[in-house]
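Biologist: Let's look at some sheets together. I will ask, you reason it out.

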Amino acid sequence: MMRWHFLPLGVALLSGCSSAPSEASLEEPGPVAPLGSEVWRPCGRTSYLLRDIQPGAVGSEPRELTKGDRILFFTADDGVSGRELWKSSGTGGSGTRQVRDIFPGAGSADPASLAMVEDTLYFSADDGVSGRELWRSEGTRDSTRRVADLVTGPGSSDPQDLIEFDGRLYFSADDGVNGRRLWTSDGTAAGTRRVAALPDPAFEARSPSLLTRLDDEVFFFRTARRDVVDLWRSDGTDDGTFRLDTGPDSIRPLTPARDLLFYVGNNEGEENLRRTDGTPEGTFPLMSRDLTRIDEVEAVGRRVLFSVERFADGSPTLWRSDGTPEGTVSVAAFASRPLHLTRLGTRVFFTVEDAAHGRELWVSDGTAAGTHLFKDLVPGAAGSTPEELTVVEDNLFFSAVTLAGGREPWVSDGTPDGTRPLREIAPGVASSHPMGFIRSGWDVFFSAEDGSRGRELWALPFRPEDACDSAAR
């Protein structure tokens with residue numbers, strides 16, 4: 001029988017350059033240094049509205065922000081063409097514009113599940129004629145076209161969970177004959193095919209789902225029969241596609257950690273952290289008993305940190321695991337559940353609420369001694385309630401609330417002194433509610449509201465620090 005192993009739970013509660021976008025800029029914003037060769041930093045504190053796509057209070061509501069080849073792909077509704085595919089070169093380049101009105105007129109193609117394979121964007125969309133099918137784009141109108149009509153006519157194959165693997169696209173789809181299965185595509189109709197003839201389950205409306213890459217395989221789960229979920233792996237061939245685990249009511253999430261994949265299995269409301277190395281014998285639960293709720297699983301190297309909502313005395317707890325039962329241990333207990341676990345380097349940042357500080361930013365290196373309040377952004381019990389934690393080139397972007405400034409964007413270089421607000425987007429106590437931080441080219445993009453417009457696309461100039469204009473720092 002597995003035994004519980006604990007670390008001590010007593011964790012002390014520790015009381016630029018900026019320039020406006022130029023319409024005359026070149027198409028490309030400039031050379032981008034290889035990742036890892038430069039220290040990237042915001043160029044100043046000012047973010048810029050890239051385009052008021054739908055003027056007025058409604059806003060275009062940018063979604064599905066996806067890093068392309070030095071441009072950003074996203075979806076937006078301009079109030080005329082419905083929700084369609086758009087692109088932006090950020091604060092430099094050719095600007096922000098619609099790629100194609102896929103569903104002509106006011107109807108929405110509603111592109112979804114955007115995924116890049118090399119320099120090609122793949123997504124699902126509905127053109128109003130062929131139903132929701134697989135599409136591709138290189139960022140121009142002519143290159144934006146349907147890949148394959150898996151369900152001929154107005155029916156939809158509804159591609160989901162699009163991911164890149166070994167230079168090809170993998171996804172799930174229902175061709176109207178065989179149920180929802182695993183598919184792959186090279187971007188042509190002839191090269192779009194089912195991967196494997198999986199056994200027919202009694203219930204497979206959600207199968208396969210949560211496609212996730214780990215080394216040279218794709219992992220996914222599929223409903224095998226009522227209330228039972230199987231974990232599968234595939235190397236892209238029929239013979240290399242097989243079941244690894246069976247039995248939970250549900251599986252979530254799938255978290256790669258080097259050569260291991262961690263996931264949570266739920267059985268009748270009780271959950272256990274499980275792992276797999278891609279073999280049946282290397283697939284097993286890590287805890288000796290099921291817990292009430294496990295989530296917020298975040299990888300740091302070959303380990304994961306995760307949040308347990310209730311355990312033993314009822315205290316929310318932070319745990320870590322190295323993929324072995326004996327290495328799955330409690331790190332720290334808190335007054336509230338740790339939220340928004342996000343890795344920056346060898347540490348994980350998250351938020352916790354306590355009576356002294358409210359909900360603030362915390363950090364952990366996976367040990368009790370290395371788990372502590374990172375910075376009290378709003379001193380006192382009110383708390384800044386950080387959200388949208390996102391790491392971009394060793395910088396932590398997030399939103400936080402201050403009493404004078406509402407919810408606005410912040411950035412941290414991983415040190416308390418290097419944690420600071422960006423310039424307010426919505427003036428005064430109003431909130432811009434920034435979300436969806438992502439780097440593409442020499443900008444960090446996100447959506448926000450400035451108080452006079454609805455939610456639109458914004459960008460912060462961001463590049464290797466020696467490429468910022470030193471005169472304007």
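Modeller: This is a predicted model. One part of it is an open sheet of four strands with antiparallel pairing.

Biologist: In what order do the four strands of this open sheet stand?

Modeller: The pairing is antiparallel. Strands of a sheet pair through backbone hydrogen bonds. Reading across, the order is β11-β12-β13-β14.

Biologist: Why is one side of β11 and of β14 left without a neighbour in the sheet?

Modeller: Take β11 (160–165) and β14 (192–194). One side of each has no neighbour in the sheet, because each stands at an edge and has a single partner strand.

Biologist: Over how many bridges do β12 and β13 pair?

Modeller: Strand β12 covers residues 168–174, and strand β13 covers residues 180–185. They run in the antiparallel sense. The number of bridges is six.

Biologist: Which residue in β13 is the bridge partner of Leu169?

Modeller: Leu169 falls within β12, residues 168–174. Its partner lies in β13. That residue is Ser185.

Biologist: Now a sheet further along. Which are the edge strands in the order β31-β32-β33-β34?

Modeller: This is an open sheet of four strands, with antiparallel pairing. An edge strand here pairs on one side only. The edge strands are β31 (387–392) and β34 (419–421).

Biologist: What does the twist average from one strand to the next in this sheet?

Modeller: The sheet has the order β31-β32-β33-β34. Going from one strand to the next, the twist averages 30 degrees.

Biologist: Which residue of β33 does Val401 stand opposite?

Modeller: Strands β32 (residues 395–402) and β33 (residues 406–412) pair over seven bridges, in the antiparallel sense. Opposite Val401, in β33, stands Arg407.

Conventions. Residues are numbered from 1 along each chain as its sequence is written. This is a predicted model: local features need pLDDT of at least 70, side-chain atom pairs count only at pLDDT 80 or more; totals for chains, interfaces and linings use all residues. Side-chain values use heavy atoms; hydrogens and water are left out. Two strands pair if DSSP finds at least two bridges between them. Helices (H or I, at least four residues) and strands (E, at least two) are DSSP runs, numbered from the N terminus. Axes are lines fitted to C-alpha atoms, for helices over the stretch in contact, and angles run from 0 to 180 degrees between N-to-C directions.
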